[in-house]
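User: I am new to this structure. Please take me through it and show the reasoning behind each label.

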Amino acid sequence: MHTSLLVSHLGTRVMIDCGLDWLGKFKRVSPSAIVLTHGHPDHAWGLRNGAPCPVYAPQKTWQTLRSCAVEDRHVIKERAPTKICGITFEAFPVEHSILAPAVGYRVSARRARIFYAPDLIFIHERKAALDGVQLYIGDGATVMRSFVRRRGKALIGHSPVRTQLTWCQKERVPRAIITHCGSEIVNSDEREIAAKLRGIATERGIEVRIAYDGMKVKL
């Protein structure tokens with residue numbers, strides 16, 4: 001299934017991202033609301049035929065999804081904390097794509113604080129985004145090598161896991177989960193790649209895990 005995150009709090013379930021693989025399969029998670037990071041097919045095209053609940057996204061994402069059949073649309077303003085089903089979402093702009101501008105979300109409920117950004121090169125206002133965060137959930141497209149390209153004056157692509165773990169070190173985020181994994185992780189021996197990531201993380205004082213379908217984390 002395309003990468004998504006289900007945040008559960010006090011009986012409500014908010015789904016972050018809904019890629020094409022999720023088309024027609026909402027009953028599997030029964031979300032109370034859906035929040036989008038950006039409009040790429042693997043993050044938003046599960047909504048092509050509509051949604052069974054309200055959908056929240058930045059204005060730039062809705063512009064990307066003009067033909068999407070979602071009726072109950074809501075705009076999330078960047079850097080404006082927005083409460084959805086009792087959970088606070090704050091969108092931070094990240095660099096990733098020109099055609100589908102992306103954000104990462106600082107997600108808060110009671111004492112729990114996470115930051116979720118499955119596609120990114122870097123986070124604008126990173127210090128504010130990661131301040132007090134207990135868990136960083138980030139981009140696994142590449143582990144060591146750069147996957148950043150230039151289009152004119154803009155940068156597109158993905159930051160390596162090594163760089164993201166350095167951000168966590170600098171901002172004192174103790175734990176990280178790597179999701180939206182690319183071939184460097186998917187095609188590797190599971191034990192070998194896990195050991196490689198642990199080595200990178202241990203050097204930085206971070207605990208790291210690779211995400212898998214159905215993975216559950218309690219904060």
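**Reading the labels**

Analyst: This is a predicted model. Start with one matched pair: Leu 5 has Ile 16 in E2 as its bridge partner.

User: What is the bridge partner of His 9 in E2?

Analyst: Thr 12 in E2 is the bridge partner of His 9.

User: What makes E1 and E2 a pair of strands?

Analyst: Two strands pair if there are at least two bridges between them. E1 and strand E2 (residues 12–16) have five bridges, in the antiparallel sense. So the requirement of at least two bridges is met, and E1 and E2 pair.

User: Which residue in the hairpin of E1 and E2 takes a positive phi?

Analyst: Leu 10 does, with phi near 50°. This hairpin has two residues between the strands.

User: How do the side chains along strand E1 point?

Analyst: They alternate along residues 5–9. Leu 5, Val 7 and His 9 point to one face and are buried. Leu 6 and Ser 8 point to the other face and are not buried.

User: What is the strand order in the open sheet of five strands?

Analyst: The order is E1-E2-E3-E4-E5, and the pairing is mixed. The twist averages 25° from one strand to the next.

User: Why do E1 and strand E5 each have one side without a neighbour in the sheet?

Analyst: E1 and strand E5 (73–75) stand at the edges. Each has a single partner strand, so one side of each has no neighbour in the sheet.

User: Now the aromatic rings. How many aromatic pairs are there?

Analyst: The count comes to three aromatic pairs.

User: Why is the pair of Phe 89 and Tyr 105 called edge-to-face?

Analyst: Ring centres must lie within 6.5 Å, and the planes must be over 60 degrees apart. For Phe 89 and Tyr 105 the centres are 6.0 Å apart and the planes are at 85°, so the pair is edge-to-face.

User: What parts does the pair of Phe 89 and Tyr 105 tie together?

Analyst: Phe 89 lies in strand E7 (residues 87–95) and Tyr 105 in strand E8 (residues 102–109). The pair therefore ties together parts that are 16 residues apart in sequence.

User: Why does Phe 89 count as buried or exposed?

Analyst: Buried means under 20% relative accessible area. Phe 89 has 0%, so Phe 89 is buried. Tyr 105 also has a relative accessible area of 0%, so Tyr 105 is buried too.

User: What makes Phe 92 and Phe 115 an edge-to-face pair?

Analyst: The rings are 6.2 Å centre to centre, with 70° between the planes. The distance is within 6.5 Å and the angle is over 60, so the pair is edge-to-face. Phe 92 is in strand E7 and Phe 115 in strand E9 (residues 112–116), 23 residues apart. Phe 92 counts as buried at 0% relative accessibility. Phe 115 is buried as well, with a relative accessible area of 0%.

User: Which residues form one aromatic cluster?

Analyst: Phe 92, Phe 115 and Tyr 136 do.

User: Last, the empty space. How many cavities of 30 Å³ or more are there?

Analyst: The structure holds one. The largest cavity has a volume of about 30 Å³.

User: Which residues line the largest cavity?

Analyst: The lining consists of Leu 135, Arg 175, Ala 176, Ile 177, Glu 207 and Arg 209. Strand E14 (175–179) and strand E15 (207–210) each supply at least two lining residues. E14 gives the largest share, three residues.

User: How is the lining of the largest cavity made up by class?

Analyst: Three residues are nonpolar, three are charged and none are polar.

Technical notes: Residues are numbered from 1 along each chain as its sequence is written. This is a predicted model: local features need pLDDT of at least 70, side-chain atom pairs count only at pLDDT 80 or more; totals for chains, interfaces and linings use all residues. Side-chain values use heavy atoms; hydrogens and water are left out. Buried means under 20% relative accessible area, exposed over 50%, partly exposed in between (1.4 Å probe, protein chains only). Helices (H or I, at least four residues) and strands (E, at least two) are DSSP runs, numbered from the N terminus. On a 1 Å grid over the protein atoms alone, a cavity is a set of points where a 1.4 Å probe fits but cannot get out, and a pocket is an open set with protein on both sides within 12 Å along at least five of seven lines; lining residues have an atom within 4 Å of a point. Grid points are joined across faces, edges and corners, and a volume is the space filled by probe spheres set on the points. Ala, Val, Leu, Ile, Met, Phe, Trp, Tyr, Cys and Pro count as nonpolar, Asp, Glu, Lys and Arg as charged, and the others, Gly among them, as polar. Axes are lines fitted to C-alpha atoms, for helices over the stretch in contact, and angles run from 0 to 180 degrees between N-to-C directions. Rings of Phe, Tyr and Trp (its six-membered ring) pair if their centres lie within 6.5 Å; planes under 30 degrees apart count as stacked, over 60 as edge-to-face and the rest as tilted.
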